[in-house]
Amino acid sequence: MVVRKLLGKLWNRLVKRHELTVPGHYAQVQRVCQFVADGARRAGFGEDELFRIELCCDEAATNIIEHAYGGEGIGSITVSYQDKGDRFEIVLRDNGRSFDPTTVPAPPDLTTLPPDPQALPVGGFGLHLIKQLMDDVQFTFDARKGNRLRMVKQKP
Amino acid sequence: MSELAITKESLHRVDLITVSGRVDSDSYTQLEAALDNARDHVVLNLASVHYMSSAGVRSLVSKLRDCKQAGGDLRLSEPSSRVMEVLTLAGLHSLFGTFDNDTTAVGSF
């Protein structure tokens, strides 16, 4: 276990991957966002894009707590980012239930208020934001490694 | 804890709620509580909200739904560019009446 961790750290350094693991609490989500935003700033993104990257990390981490773990304090969230030259890659991993955000349908067209206000959906917006703001979003599930969400943003 | 400040002023027919700071999955419960305790005619000033995630959006939609159901409305005053961007991305911007200042927003009721 210790050897695997050390090898993992060495590999991350070799491929210039920066990684952070936090407990699955909503109070930790901002830390995840800040960690990635700091890296994205160094990678050359401007304030508007930093806001969008931060927002996607927020939505992804929140979904892990809410859907994969089904609540706070159940498991941890590991986030990593890598500057890959022409693109910035963010990966979030967890060990919760398999939850593929890429399969969640977009909210219905809400340009006008539905006749019955109760028909307004109050959820599902987060994933919709991620899909719109990232250039590529992929989800994989592995029985041993858990959920892995990869989000890619092309660099300016 | 995400930094968030909320003030509420009860006017004759409208509750004016002013929010500043960051509305995210950690702090949205404060916004939700303020909206739950408001009447059905609400003006929400979001000029100083520098960050809002879908958790905040959910609170707004939920209150809008309740207000509409009761014959009222939730209207936005001076929403920041970040708030407008998130509402637009979520496809919800046209559901909310938006105004340049509190006076016109309150007066619109």
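Here are some friendly questions and answers about two chains of this predicted model.

Q: How far apart are the end C-alpha atoms of helix α3 of chain A?
A: Helix α3 of chain A covers residues 47-68, which makes 22 residues. At 1.5 Å a residue, the helix should span 32 Å. The model agrees with that expectation, because the end C-alpha atoms are apart by 30 Å.

Q: How many of the 22 residues of α3(A) are buried?
A: A residue counts as buried when its relative accessible area is under 20%. By that cut-off α3(A) is mostly covered, and its number of buried residues is 16.

Q: Which residue with a positive phi follows α3(A)?
A: Look just past the helix for a residue with a phi near 75°. The residue that follows α3(A) with this positive phi is A:G70.

Q: In what pattern do the helices and strands of chain B follow along the sequence?
A: Chain B has four helices and five strands to place. Read along the sequence, they give the pattern β-β-α-β-α-β-α-β-α.

Q: What is the radius of gyration of chain B?
A: For 109 residues, the globule rule gives 13 Å. The value for chain B is close to this, so the chain is as compact as a globular protein of that length. Its radius of gyration is 12 Å.

Q: What share of the contacts in chain B with a separation of 6 or more comes from residues 24 or more positions apart?
A: Here a contact means heavy atoms within 4.5 Å. Among contacts in chain B with a separation of 6 or more, residues 24 or more positions apart account for 67%.

Key: Residues are numbered from 1 along each chain as its sequence is written. Chains are lettered from A and ligands numbered from 1 in the order in which they are written. This is a predicted model: local features need pLDDT of at least 70, side-chain atom pairs count only at pLDDT 80 or more; totals for chains, interfaces and linings use all residues. Side-chain values use heavy atoms; hydrogens and water are left out. Helices (H or I, at least four residues) and strands (E, at least two) are DSSP runs, numbered from the N terminus. The expected span of a helix is 1.5 Å times one less than its number of residues. Buried means under 20% relative accessible area, exposed over 50%, partly exposed in between (1.4 Å probe, protein chains only). The radius of gyration is taken over C-alpha atoms; the globule rule is 2.2 Å times the number of residues to the power 0.38.
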